[in-house]
Amino acid sequence: VLFKVDVKNKVNDDIPKGNSNYTKYWSLKLNSQKKELVLETNYESFTNSLNGVRDKWDEMLQCRTEQAHAKCVADMAPEIAKMQSELSKNIQVEVDWSFEKAPEYTKLSLEDKSKVFQCIYYTHVRELILDSSDSLVRLGQKDEIYKKRIQELIDVIRFVYDPKSTVKDTIGNQYAQFYKLAYTPANKTLIVTINLSSAVDRIGFSSLLEKIDEILNVRTQQKQRDAQQALPSFSSRIDSDLGSKVEIVLNYDSFQKSPQYLALPIDERGNTVSHLINRGVDGFTDFIRSACNNSQTQKEILAKAIKKLKISVDPTNSINDGQDQYAKFYKVVYHPAQSTREITYNLDQVSNSP
């Protein structure tokens, strides 16, 4: 250990970074080849206390990353276990630590390095898996469809930090551009890629539900469930007006795997399913009531002719039926062999009433 005094008072140490002059008058350096620790101070400040000694030790030994890394892993463990218990599945959580060697990270101050690890655990991991209102656990508690979908799709959650901070995601609001979610079905891994700069600033996840929904694609399933639950009330009305049973079928297979439907924003995909009920089935119900009230003969004819109502969607929007410009977007086909009336809508007009 070598103690030096600079009689010219030229020591002007910048560690810790951003601090005032109260630590600049002395320095602590390590000569690794000689295994020599050098403490140098200005002559005019020789009798001063060694302010900021912990920060200078940390900067020299570079233990902060190792310490913060270990604490982050330890702190995450009980939270991960709680998530696994709540979701009834042993989902693993991984962090890609390769950012620790990137120059964008190594040049950070010790304080900022600590902020990165605090953000990984306290903000990003906890918000996604457990704490926020749109975390995986909370979504699973709100709706069994979410929980089943998470169990089906996700074995691993992997957090990746982009040192160059190039992520600019288009899903969500302007405050959610710094991170993105992606899914690899081969190993059932949910990958969360986050700009390293946002971890330094400890920015939390905005628009999390929108991004999760894009991965899990539960909105359509939820709307289908709601639609199926609504069908009995419509069936009862039709059966009562017509005096005979009519089966109602929503033909999801006609559109749900089409690229046109899958390209729609997630809200529109869900709304498409809802419109099959709110427009298609409801419109048919009104037609039956009107026809039956208008004529007993019409009622008897319809009761014999219609045993099934089928609602379909044309994802190519190729229907151009009739002369009425307000009715060209759908067509009605009667299948006598099955006593089925099929109503098919153009995908882009499914929200309109027939």
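Which backbone oxygen lies 3.0 Å from a polar atom of the side chain of Lys-211? It is the backbone oxygen of Ala-176. The structure shown above is a predicted model, and this briefing looks at the surroundings of Lys-211, then at aromatic rings, and then at a sheet with a helix lying across two of its strands.

**Lys-211 and its surroundings**

- Lys-211 is found in helix α8, which covers residues 208-216, and Lys-211 counts as buried because its relative accessible area is 2%, where buried means under 20%.
- Leaving aside residues up to four places away in sequence, Lys-211 touches Asp-169, Ile-171, Ala-176, Tyr-179, Lys-180, Leu-181 and Ser-206.
- Two of these residues appear in further descriptions of Lys-211: Ala-176, through its backbone oxygen at 3.0 Å from a polar side-chain atom of Lys-211, and Tyr-179, whose ring has the charged end of Lys-211 sitting over it, 4.4 Å from the ring centre.

**Aromatic rings**

- A pair of aromatic rings is described by two things, namely the distance of the centres and the angle of the planes.
- Across the whole structure, a search finds 15 aromatic pairs, and one of them is formed by Trp-97 and Phe-117, a stacked pair with 5.9 Å from centre to centre and 20° between the planes.
- This pair links distant parts of the chain, since Trp-97 is in the loop between β4 (92-96) and α3 (103-106), while Phe-117 is in helix α4 (residues 110-131), 20 residues apart.
- Phe-117 is buried, with a relative accessible area of 3%.
- The pair of Phe-329 and Tyr-330 is tilted, because the ring centres are 5.3 Å apart and the planes stand at 55°; both Phe-329 and Tyr-330 are buried.
- Trp-97 and Phe-117 also belong to a cluster, linked by ring pairs, that includes Phe-99, Tyr-105 and Tyr-161.
- A charged residue is placed by a ring elsewhere too, as Arg-341 lies over the face of Phe-287, at 4.5 Å from the ring centre.

**A sheet of 3 strands and helix α1**

- The strands of this open sheet follow the order β1-β3-β2, and their pairing is mixed.
- β1 (2-6) and β2 (26-31) stand at the edges with a single partner strand each, so one side of each is left without a neighbour in the sheet.
- Neighbouring strands of this sheet are turned by 20° against each other on average, with direction ignored.
- β2 pairs with strand β3 (residues 36-42) in the antiparallel sense over 6 bridges, and Ser-27 stands opposite Glu-40 in β3.
- Helix α1 (residues 53-61) lies across β2 and β3, and runs at about 25° to β2.

Notes. Residues numbered from 1 in each chain as written. Predicted model: local features only at pLDDT ≥ 70, side-chain atom pairs only at ≥ 80, totals over all residues. Heavy atoms only, no water. Helix = DSSP H or I, 4+ residues; strand = E, 2+ residues; numbered from the N terminus. Buried < 20%, exposed > 50% of the residue type's maximum accessible area, 1.4 Å probe, protein only. Polar contact = N/O pair within 3.5 Å; in protein donor to acceptor, adjacent residues only side chain to side chain. Contact = heavy atoms within 4.5 Å. Phe/Tyr/Trp six-rings, centres within 6.5 Å; stacked < 30°, edge-to-face > 60°. Lys NZ or Arg CZ within 6 Å of the ring centre and 35° of its normal. Pairing = 2+ DSSP bridges. Axes fitted to C-alpha atoms, helices over the stretch in contact; angles between N-to-C directions.
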